[in-house]
Amino acid sequence: MKIVHIITRMVAGGAQRNTLMCALEQAQSGHQVTLISGLQTGSEGSLLEEARQAPFQFVQMPALVREVAPAQDLKALIQLTAWLRNRPVDIVHTHTSKAGLLGRVAAALARVPIVVHTPRGHVFHSYFSPLKTRLFKFLEKSLAHVTDAMVMLSAGELQDHLDEGICPPQRMYVIPSGVSLDAFRRCRHAQLERPRLGYIGRLADIKGPLDLIEAMSHVSEEVELWMVGDGPQREEVERRIGDLKLENRIRLLGWQHDIPHYLEQIDVLVVPSHNEGMGRVAVEALAAGVPVVATRVGGLVDVVRPGVNGALAPEKDPAGLARAIHSVLDHPDRGRSLGEQGRTWAEQFSDEVMYQRLELLYARMARLKGVAEGGGS
């Protein structure tokens, strides 16, 4: 089939890396694949060069930007529609909210037979002002009429969409944001002199790093924290660490490429997010045998199961987060058991599972729409 993926930017984030993985696998399976992206980068790093060197067509549209920019957005919509109209396309698959809005409208205008959208989380809370949030909800509900399938990363994300009445349930499918687990399966835990927590992700409000720093003031003084990542809250994070006099217990390590190495150096991964479609880094930690403490939001409740592979805490509750952390740290034998069970649990979120389910979804949509299945011309 002729498949077009659309995303606003190719930073080194989970959504972008997963989109790139899907495009690569589909190209290697014989499909004709195109990836369309804007050119914005960020503190996370960039996947643009990997996309340019990939064995599929990579189309760069500078007008595709992440933020709301009416003039740019109209230009991007016109460019996308023209591009899709002038080529034979079987499936348009959009990723993340902004690309989903523009890409699905363009696909409808270009009369593309099959339109699939993966929100990769949602913007129903914690991202924008109440007015802008209501606008996004309205647009999402409107675009559901031109969307053949909505791909949810977890049952929790699906339930969030059902609660908001975004899309009929028969058009929604749960397919995990598959993680390549090989490097994490090989992880072996290092012997540490003192208990150590880990945080891996953007330093941005939606990810809750300030909640974790606040929680450290409620955690035993012998516990230290390694924070891998960077982002717009870096200065605020540094300032809060200083205000709480936690400089000797918290290390800011910036972005690192060898994530398996850092997972080997911690006892517990903490994911204090305010909103999360699935929680890719939580899956990576579980595959590495590291128990996870996370907030009870979105897809994290499907990845992290209390008593099975970690613990859950209320959102935006540093004291509750600290209690959940101690529920694992204070019982080392239990923590090791949770870690080993986590390795098994992580397998259901592997990239192999994602590829298989996505291929089945495409085939189902093709049969319903009378589109020829298989790769090739």
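Which side chains meet in a salt bridge at 2.3 Å, N to O? In this predicted model, the answer is Arg-336 and Asp-333. Both partners sit in helix 14 (residues 332-346), 3 residues apart, or about one turn of the helix. Neither is tucked away: Arg-336 counts as exposed at 52% relative accessibility, and Asp-333 is exposed too, with a relative accessible area of 57%. Elsewhere, salt bridges with shared partners join Asp-182, Arg-185 and Glu-347 into one network.

In total, the structure holds 15 salt bridges. Side chains of opposite charge can pair when their charged atoms come close, and some of the pairs here reach across the sequence. Glu-164 and Lys-137 are one such case, their side chains meeting in a salt bridge at 3.2 Å, N to O. Glu-164 belongs to helix 6 (residues 155-164) and Lys-137 to helix 5 (residues 130-143), so this pair links distant parts of the chain, 27 residues apart. Glu-164 counts as partly exposed, at 27% relative accessibility. Another case is Glu-214 with Arg-240, where the closest N and O atoms of the salt bridge are 2.8 Å apart. Because Glu-214 lies in helix 8 (residues 209-216) and Arg-240 in helix 9 (residues 234-243), this pair ties together parts that are 26 residues apart in sequence. Glu-214 is partly exposed at 23% relative accessibility, and Arg-240 is partly exposed as well, with a relative accessible area of 28%.

Turning to the inside of the model, the largest nonpolar core has 33 residues, and the members touching the most others are Leu-263, Leu-269, Val-271, Val-283, Val-292 and Val-303. Several elements chip in with at least two residues each: strand 9 (224-228), helix 10 (259-263), strand 11 (268-271), helix 11 (280-287), strand 12 (292-295) and helix 12 (300-303). Helix 11 gives the most, with 6 residues. There is also a second, separate core of 27 residues, with Leu-197, Leu-203, Val-293 and Val-328 among its members.

Helix 11 itself is mostly covered, with 8 of its 8 residues buried. The buried set is not purely nonpolar in name: alongside Val-281, Ala-282, Val-283, Ala-285, Leu-286 and Ala-287, it takes in Arg-280 and Glu-284. Just after helix 11, Gly-289 adopts a positive phi of about 85°. A little further on comes Val-292, one of the core residues that touch the most other members. Setting aside neighbours within four places in sequence, Val-292 is in contact with Ala-282, Ala-285 and Leu-286, as well as with Leu-269, Val-271, Val-304, Asn-309, Gly-310 and Ala-311. Three of those names, Ala-282, Ala-285 and Leu-286, also appear among the buried residues of helix 11.

The aromatic side of the picture is brief, as the count comes to 1 aromatic pair. Trp-226 and Tyr-262 make up that pair, arranged edge-to-face at 6.2 Å centre to centre, with 65° between the planes. Trp-226 is in strand 9 and Tyr-262 in helix 10, 36 residues apart, so here again distant parts of the chain are linked. Both rings belong to buried residues: Trp-226 has a relative accessible area of 11%, and Tyr-262 has one of 16%. Trp-226 also has charged company. The charged end of Arg-196 sits over the Trp-226 ring, 3.9 Å from its centre, while Arg-251 lies over the face of Trp-226 at 4.8 Å from the ring centre.

A last spot worth a look is His-31, found in the loop between helix 1 (14-28) and strand 2 (32-37). Although placed in a loop, His-31 is buried, with a relative accessible area of 6%. Its side chain reaches the backbone nitrogen of Met-1 at 2.9 Å. The His-31 side chain also makes a polar contact with the side chain of Glu-359, at 3.0 Å.

Conventions: Residues numbered from 1 in each chain as written. Predicted model: local features only at pLDDT ≥ 70, side-chain atom pairs only at ≥ 80, totals over all residues. Heavy atoms only, no water. Core = buried A, V, L, I, M, F, W, Y, C linked by side-chain atoms within 4.5 Å. Buried < 20%, exposed > 50% of the residue type's maximum accessible area, 1.4 Å probe, protein only. Helix = DSSP H or I, 4+ residues; strand = E, 2+ residues; numbered from the N terminus. Contact = heavy atoms within 4.5 Å. Phe/Tyr/Trp six-rings, centres within 6.5 Å; stacked < 30°, edge-to-face > 60°. Lys NZ or Arg CZ within 6 Å of the ring centre and 35° of its normal. Polar contact = N/O pair within 3.5 Å; in protein donor to acceptor, adjacent residues only side chain to side chain. Salt bridge = Lys/Arg side-chain N within 4 Å of Asp/Glu carboxyl O.
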